[in-house]
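Biologist: Could you take me through the salt bridges in this model? I'd like a close look at which side chains pair up and how their surroundings compare.

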Amino acid sequence: LDALAESIAKLGMAAATAMLVTLVVKYFVQHSLSNKPFPSGADVFSDMVKIVIQTITIVVVAVPEGLPMAVTLALAYATTQMLKDNNLVRVLSACETMGNATTVCSDKTGTLTQNKMTIVEGNISLISFGTTEEAKNWKKEVKPEIVNLVFEGIAVNSSAFEDKDEKGNPTFIGSKTESAMLAFIKSLGASYSDIRAETNVVRMYPFSSQKKSMSCVVKSQGKEPYRYYLKGASEIVMRSCTYYLDSEGQTKTLDDSARAKFDQIISAYADKALRTMTLCFRDVSSSEYKRFTDDSPVDGKLICLGIVGIQDPLRPGVVDSVREFAKSGVTVRMITGDNIQTACAIAQEAGILIKGGLAMTGAEFRDLSKEEQTAAVKRLRVLARSSPTDKTIVVQRLQELGEVVAVTGDGTNDGPALKMADVGFSMGITGTEVAKEASAIVLMDDNFSSILKALMWGRVVNDSVRKFLQFQLTVNITAVVLAFVSAVASDDNQSVLSAVQLLWVNLIMDTLAALALATEPPSQDILDRYPTSKAAPLINVNMWKMILGQALFQIILNLTLLKFGAQLFHLQPKDGTLTPENLLVLRTMIFNTFVFLQVFNELNCRRIDDTINIFKNLMNNKVFILVQIVVIAGQVVIVQFGGQAFKTTPLTMQQWLFTILIGSLSLPVGLFLRLLPVRLIPIIPHVDEERQPLVSPERMRWEGASNQMILQNTFFEAIRKKKPCYDGGAKNVANDSVWKKAYGAA
């Protein structure tokens with residue numbers, strides 16, 4: 001915009017300088033060749049002042065001082081409206097950047113999901129339950145010692161607590177996962193506060209994003225003086241378990257058969273999009289406790305109590321939002337700390353993970369080389385068991401591919417990724433202050449659908465600036481050329497548009513046009529196109545077509561009226577002489593026609609594409625309508641009552657109708673220009689300004705189907721040769737190149 005404004009200003013200065021030189025030379029040549037006496041010094045000075053005033057006016061009209069105001073107005077209006085959509089914009093430029101976003105890397109918990117977690121299934125001491133009533137039956141079936149272990153492990157190994165919300169209703173404060181567990185034991189009649197009061201906690205190990213677990217050590221009345229409780233991500237915690245507890249309270253060895261059963265439980269819960277948590281414990285001797293450090297306990301030889309499945313349903317509207325993002329050419333990638341099965345199930349439910357899309361863990365992604373990461377990130381849809389570092393790497397690889405990346409984050413560790421992203425979204429409810437400070441936009445409701453609204457407003461800001469440019473450049477070219485040509489062609493060196501009239505035109509095309517075109521609210525059809533490429537010009541092909549076409553039409557029309565308007569409007573008497581009064585009427589009518597050409601062309605400029613219906617959603621923009629009313633009212637006052645100040649004279653009703661009808665010709669000309677194919681205008685080069693996805697969904701689905709065929713062929717080939725396809729471990733599958741493709745696609 002700065003470069004464009006500078007170029008326009010230079011052209012305006014050049015036109016003004018050329019006009020000044022031409023009029024001064026013409027003035028002295030005319031009077032030198034005239035038979036009349038040469039004007040006095042006072043007359044020459046007065047005429048020179050008039051020429052200079054016209055020249056300065058040309059500069060004022062040509063210099064786009066309204067451009068910064070249009071940008072500021074568009075951003076200010078968008079940010080205030082976005083606040084109503086629960087988006088607090090901290091960095092104004094982020095609003096414009098979001099309009100060109102090509103990728104959204106979103107957290108699952110709290111953004112895609114409701115962050116309202118409840119335990120809906122469980123298998124504790126090898127007894128399963130799926131409802132609250134079944135959980136109560138579980139409590140009756142197992143021994144009290146097991147119930148006490150589960151209740152104590154959940155109550156003390158937690159930092160959540162119960163309090164009242166703003167409405168005075170009881171609610172749990174803290175981690176939603178911990179809150180779900182406390183709510184679970186509360187539903188079974190246990191009081192977490194009583195258990196905490198009766199238990200002496202000697203060490204507390206907060207949740208670790210690396211270990212995906214949290215733990216604590218309490219004093220015990222059992223056979224050992226201490227007891228160690230741990231809960232965390234099932235597939236990680238189970239590696240530290242050596243034993244498990246059955247319904248009789250007997251400690252059994254966790255052999256391959258038992259471990260396979262637990263793996264099946266975890267897999268079944270994950271396939272239902274449930275977050276799985278494993279509860280375990282072990283008794284600790286005094287000598288062993290002394291080896292515990294403040295940073296980490298001594299893991300291993302744990303006894304598995306059981307596994308619970310926690311449900312966190314998708315937010316309403318997430319599926320529709322993901323679909324709208326896809327339609328608008330924006331790829332949504334889910335980055336989560338959940339295990340890969342849970343993440344894939346939720347991503348499939350939300351429409352994020354499609355056939356052919358890649359799902360992998362953070363550890364797998366980190367192990368890839370830079371080139372492999374770049375190749376993988378093109379198809380990456382789900383990154384599970386990820387760390388904040390993984391999120392930063394994903395953002396970096398995407399930006400290296402030319403993507404405009406938006407990232408969501410809520411934790412302190414998300415700060416680097418939020419800073420690195422083109423647009424960082426922090427959570428207003430669950431986000432830390434560090435995350436909010438690092439972000440450009442704060443989601444006040446932590447809702448994924450609010451990001452879609454931010455995308456729409458961002459595109460509106462971009463469109464508003466381009467609409468204003470289209471309108472201003474048309475008026476610029478027309479006004480400068482018309483003023484120059486009419487002044488040079490006239491006998492008195494005066495432009496058909498006076499200096500004050502040009503200042504009114506400048507007000508229309510700068511301040512009022514910026515207000516009208518920068519306050520357009522977003523409509524749903526703004527998502528029917530792909531993002532604008534970084535390499536796309538500020539003024540696209542359709543805009544140039546409209547600017548040059550309208551400017552040429554208006555220049556020819558006004559010069560024609562200047563030449564033949566007296567005959568057309570019946571102002572010239574039979575003797576062919578035009579009286580000063582009729583000349584003033586003619587110039588007033590041309591001025592009125594010029595203004596109404598801009599009024600109707602402003603309707604054309606509501607669209608910067610080839611859309612035929614320029615009146616679509618017009619009634620939604622009350623500011624545009626109000627500005628048009630103000631402009632028309634101001635024009636009526638200037639024409640009817642401007643007099644000597646504006647060099648106008650009152651027009652009759654018939655003359656008003658003539659000028660308005662002629663001004664309205666901007667609309668059919670605009671329609672013709674929209675229907676005119678760009679390829680028929682060789683002077684305007686065609687540049688595809690849309691940014692295509694790195695891998696289109698169609699191609700991804702096709703490749704996914706191809707990979708599935710490879711998988712099936714490999715499977716049947718192995719059967720035919722009587723060789724094992726794989727040994728049952730996903731890790732071994734992923735190590736083979738052919739299987740890795742198929743496994744990733746699946």
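Modeller: Happy to; here is a walk through the salt bridges and the residues that form them. The model is predicted, so local features need pLDDT of at least 70 and side-chain atom pairs count only at pLDDT 80 or more, while totals for chains, interfaces and linings use all residues. Residues are numbered from 1 along each chain as its sequence is written, and side-chain values use heavy atoms, with hydrogens and water left out.

Side chains of opposite charge can pair when their charged atoms come close. A salt bridge here is a side-chain nitrogen of Lys or Arg within 4 Å of a carboxyl oxygen of Asp or Glu, and the structure holds 26 of them.

One of them links glutamate 288 to arginine 282, at 2.7 Å from N to O. Glutamate 288 is buried at 15% relative accessibility, and arginine 282 is buried at 6% (buried means under 20% relative accessible area, exposed over 50%, partly exposed in between, with a 1.4 Å probe and protein chains only).

Another pair, arginine 323 and aspartate 320, meets at 2.8 Å, N to O. These two residues sit three apart in helix α13 (residues 318-327), which separates them by about one helical turn; helices are DSSP runs of H or I, at least four residues, numbered from the N terminus. Aspartate 320 is partly exposed, at 44%.

In helix α17 (residues 388-400), glutamate 400 and arginine 397 are likewise three residues apart, about one turn, and their salt bridge spans 3.3 Å, N to O. Glutamate 400 is partly exposed at 40%, whereas arginine 397 is buried at 10%. Elsewhere, salt bridges that share partners tie Asp525, Arg607, Asp609 and Lys616 into one network.
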